[in-house]
Amino acid sequence: MTTPIWDPAQYLRHAGHRARPFADLLARVPALPGDRPRIADLGCGPGNVTATLADRWPTAHITGYDNSPEMLDRAHTEHEGPTAGGGRLDFAHADARVWTPEEPYDLIVSNATLQWVPGHLDRFADWTAALRPGAVFAFQVPDNVDAPLHALMRELAGAPRWRDRLAGLLRRTDSVHTPEAYLDRLARLGLAPDVWQTTYLHVLEGEDPVLDWVKGTGLRPALTALGDDPEAREAFLAEYRDLLRAAYPSAPYGTVLPFRRLFAVAVKGE
């Protein structure tokens with residue numbers, strides 16, 4: 001898969017909707033074992049939701065990890081530094097495909113990242129081995145690769161005009177596993193997992209809001225691949241826009257985007 005070039009400003013255009021699943025995930029995380037917890041946020045993006053970890057654990061040392069220079073620049077600029085409760089928030093470059101913790105953690109959390117990490121189930125052993133007794137591994141991933149916005153994107157990318165440049169670049173249909181697969185892997189690693197799904201009905205505003213949403217996330221590999229050909233990029237976006245308009249019709253109050261997500265909170269035994 002082409003490494004996408006991320007656009008923090010585009011991603012943050014729907015920050016409120018994108019932040020809600022992270023808040024719902026944290027609501028199920030129990031008390032952490034340390035008085036000054038050590039926390040890692042794997043795939044922190046622009047740092048806006050990473051910063052909310054300090055609201056829950058004000059004394060924690062929190063590090064957000066990401067492999068996007070653009071996202072990290074935004075996080076460093078807007079969120080890095082000491083926190084009000086005496087903790088610290090910082091950010092560092094890391095690739096989740098190979099990142100291995102170098103110190104013990106009280107919480108490793110990941111928000112809408114693992115779907116971009118092929119083989120991420122096999123990374124769980126290294127990550128959870130670094131958890132202290134009573135510590136937590138928690139994540140959420142979009143669980144909607146079969147939804148129209150992804151199915152239509154893959155269909156269009158496979159069309160004769162685009163397949164040579166785009167086929168195989170987008171999220172695979174097996175990029176997220178079943179809830180049962182995650183529960184089984186976490187339990188076999190000796191953790192006590194809580195796994196569930198939620199479908200959000202996001203009411204989006206503005207012109208072509210579903211296209212605007214996906215331009216910040218799932219469409220990034222295609223936009224990156226076409227970045228050196230503005231005419232082709234706009235032609236692809238126009239075709240995809242028309243497909244999305246039919247799949248997600250607007251209403252007087254906005255456009256509804258159903259969005260299913262998968263959550264897991266797993267506690268390491270004492």
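Tyrosine 253 is exposed, with a relative accessible area of 56%. That value comes from a predicted model, as does everything else I will show. Tyrosine 253 sits in the loop between strand E8, residues 250–251, and strand E9. If you want a sense of distance, take alanine 31: in sequence it is 222 residues from tyrosine 253, and C-alpha to C-alpha the two are 40 Å apart.

Next, strand E9 itself. It covers residues 254–268, and arginine 261 is in it. Which side chain of opposite charge is nearest to arginine 261, and how far away is it? It is aspartate 24, at 8.3 Å. A salt bridge here would need a side-chain nitrogen of the arginine within 4 Å of a carboxyl oxygen. Arginine 261 has no salt bridge, and yet this residue is buried.

What the side chain of arginine 261 does have is a polar contact, at 3.3 Å, with the side chain of glutamine 140. Beyond four places in sequence, the residues in contact with arginine 261 include Gln140, Val141, Pro142 and Asp143. Trp196, Gln197, Thr198 and Tyr200 are also among its contacts, and so are Pro21, Ala112 and Trp213.

Strand E9 comes up again at a pocket. The second largest pocket has a volume of about 150 Å³. Its lining is made of 13 residues, and those closest to the centre are Asp208, Pro209, Arg245, Tyr248 and Thr255. Three elements each give two or more residues to that lining: helix H9 (209–214), helix H11 (230–247) and E9.

Now two residues elsewhere, starting with alanine 75. It belongs to helix H4, residues 69–79. Is alanine 75 buried or exposed? Its relative accessible area is 0%, so it counts as buried. Leaving out residues up to four places away in sequence, alanine 75 touches Gly45, Pro46, Gly47, Glu80 and Phe91. Threonine 50 is 25 residues from alanine 75 along the chain, and their C-alpha atoms are separated by 9.0 Å.

The other residue is glutamate 102. Its place is the loop between strand E4 (88–93) and strand E5 (105–111). Why does glutamate 102 count as exposed? Because its relative accessibility is 82%, and the cut-off for exposed is over 50%. Valine 195 lies 93 residues from glutamate 102 along the chain, with 27 Å between the two C-alpha atoms.

To recap on burial: arginine 261 is buried without a salt bridge, alanine 75 is buried at 0%, and glutamate 102 is exposed at 82%. That is all I have.

Technical notes. Residues are numbered from 1 along each chain as its sequence is written. This is a predicted model: local features need pLDDT of at least 70, side-chain atom pairs count only at pLDDT 80 or more; totals for chains, interfaces and linings use all residues. Side-chain values use heavy atoms; hydrogens and water are left out. Helices (H or I, at least four residues) and strands (E, at least two) are DSSP runs, numbered from the N terminus. Buried means under 20% relative accessible area, exposed over 50%, partly exposed in between (1.4 Å probe, protein chains only). Lys and Arg count as positive and Asp and Glu as negative; His and the chain ends are not counted. A polar contact is a pair of N or O atoms within 3.5 Å; within protein, one must be able to donate a hydrogen and the other to accept it, and residues adjacent in sequence count only if both atoms are side-chain atoms. Contact means heavy atoms within 4.5 Å. On a 1 Å grid over the protein atoms alone, a cavity is a set of points where a 1.4 Å probe fits but cannot get out, and a pocket is an open set with protein on both sides within 12 Å along at least five of seven lines; lining residues have an atom within 4 Å of a point. Grid points are joined across faces, edges and corners, and a volume is the space filled by probe spheres set on the points.
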